[in-house]
Amino acid sequence: MAATMCADADSGENMGRCASMCMNTADVATATMRMMMRTGGYDMKVMSSMMTACMVMGEACAAECGSHAEMSEHCRICASACRAMVEACSKMMSGMKG
């Protein structure tokens, strides 16, 4: 949600790269969450790949938003949320069993 809100605010501030990064992060995170909720078709290799993609995207978004954090409150919030998501995904992956 923080990435979606940041993307919306960025678009009004001519921050195209940041907006795109935030939209991509929101899409990857949403897809990963939805897949995790479907336990009937759970495949460990696929989920591991999705979690990894989510963490990589979250790290990239946190870096991009972090570069604007001093001048933009929504970027500061998004960077913080992305770092928290990466940490949560990392902890979850360490507990995943095949």
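1. Helix 4 covers residues 73-95 (helices being DSSP runs of H or I of at least four residues, numbered from the N terminus), and its length can be checked: at 1.5 Å a residue its 23 residues should span 33 Å, and the end C-alpha atoms are 34 Å apart, which agrees. The expected span here is 1.5 Å times one less than the number of residues. This is a predicted model, in which local features need pLDDT of at least 70 and side-chain atom pairs count only at pLDDT 80 or more, while totals for chains, interfaces and linings use all residues. Residues are numbered from 1 along each chain as its sequence is written, and side-chain values use heavy atoms, with hydrogens and water left out.

2. The buried residues of helix 4 (buried meaning under 20% relative accessible area, exposed over 50% and partly exposed in between, with a 1.4 Å probe and protein chains only) are H74, C75, C78, A79, C82, M85, V86 and C89. An α-helix has 3.6 residues a turn, so residues three or four places apart point the same way. The cover over the buried residues of helix 4 includes helix 1 (2-11), helix 2 (16-37) and helix 3 (44-66), where contact means heavy atoms within 4.5 Å.

3. Helix 1 and helix 2 pack at an angle of about 155 degrees, with their axes 8 Å apart; the axes are lines fitted to C-alpha atoms over the stretch in contact, and angles run from 0 to 180 degrees between N-to-C directions. The two helices are therefore roughly antiparallel to each other, a term for angles over 145 degrees. The contact is made by A3, T4, C6, A7, D10 and S11 of helix 1 together with C18, A19, C22, M23, T25 and A26 of helix 2.

4. In the loop between helix 1 and helix 2 lies N14, which has a positive phi of about 55 degrees although it is not a glycine. N14 counts as exposed, because its relative accessibility is 76%.

5. A29, found in helix 2, is partly exposed at a relative accessible area of 22%. Leaving aside residues up to four places away in sequence, A29 touches C54 and M85, and M85 is itself among the buried residues of helix 4. A29 and A88 are 59 residues apart in sequence and 12 Å apart in space, C-alpha to C-alpha.

6. E64 belongs to helix 3 and, although charged by residue type (as Asp, Glu, Lys and Arg are), is buried at a relative accessible area of 14%. Again not counting residues up to four places away in sequence, E64 touches R17, C18 and M21.

Methods: Angles under 35 degrees count as roughly parallel, over 145 as roughly antiparallel, 65 to 115 as roughly perpendicular and the rest as oblique.
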